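Please open the model in your viewer and keep the selection tool at hand. The tour below proceeds stop by stop.

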Amino acid sequence: MIAVIQRVSEASVTIEGKVEGKIDAGYLILLGITHEDTKEDIEWLGKKIIGMRIFGDEEGKMNLDLKSVNGNILLISQFTLHASTKKGNRPSFIDAARPEVAVPLYEQMIDFLNKELEKPIQTGIFGADMKVALLNDGPVTIIIDSKNRI
């Protein structure tokens, strides 16, 4: 499971002209799920996301986590994070989980983040054609792969 975490001042996702999810300060997270991912990946990655200290403290040092700043999450599923570009110019998505595997894991991640953040997160719609807008704060962008823990 791969998460691209962007610290944002604001972010939104629009589907068919309707805003589905919108946050102010917090994280826009692009989440890629592979067919090898499990509940263990959700728990490990979810805890990393919530505990990540990438907000500035009173001295401007990245020392505060999401809860400390009362931040929000906008979670977007993005299978293209598992693109293989080794051969040719057309990416292969063979490592991305099929919807029957990915949707339940995506929903479990939503539930996990809601619980850990202690408030509802915002989301897009799995598999939809989404337009994502954001104002990256910093910019700060962190990539975490649950298969790369050591």
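**First stop: helix α1**

Select residues 39-51, which form helix α1, a run of 13 residues (helices are DSSP runs of H or I with at least four residues, strands runs of E with at least two, numbered from the N terminus). From first C-alpha to last, α1 reaches 18 Å, close to the 18 Å expected at 1.5 Å a residue, the expected span being 1.5 Å times one less than the number of residues.

This is a predicted model, in which local features need pLDDT of at least 70 and side-chain atom pairs count only at pLDDT 80 or more, while totals for chains, interfaces and linings use all residues. Residues are numbered from 1 along each chain as its sequence is written, and side-chain values use heavy atoms, with hydrogens and water left out.

Within α1, select D41, I42, L45, G46, I49 and I50, which are buried (under 20% relative accessible area; exposed is over 50%, partly exposed in between, with a 1.4 Å probe and protein chains only). Seen down the axis of α1, the buried residues fall within an arc of 145°, so they line one face of the helix; the arc is taken from the directions from the helix axis to the C-beta atoms. On the other side of α1, select E40 and K47, which are exposed.

**Second stop: an aromatic pair**

Select Y27 and F55, whose ring centres lie 5.5 Å apart with planes at 15°, so the pair is stacked (rings of Phe, Tyr and Trp, the last by its six-membered ring, pair if their centres lie within 6.5 Å; planes under 30 degrees apart are stacked, over 60 edge-to-face, the rest tilted). Y27 lies in strand β3 and F55 in strand β4, so the pair ties together parts 28 residues apart in sequence.
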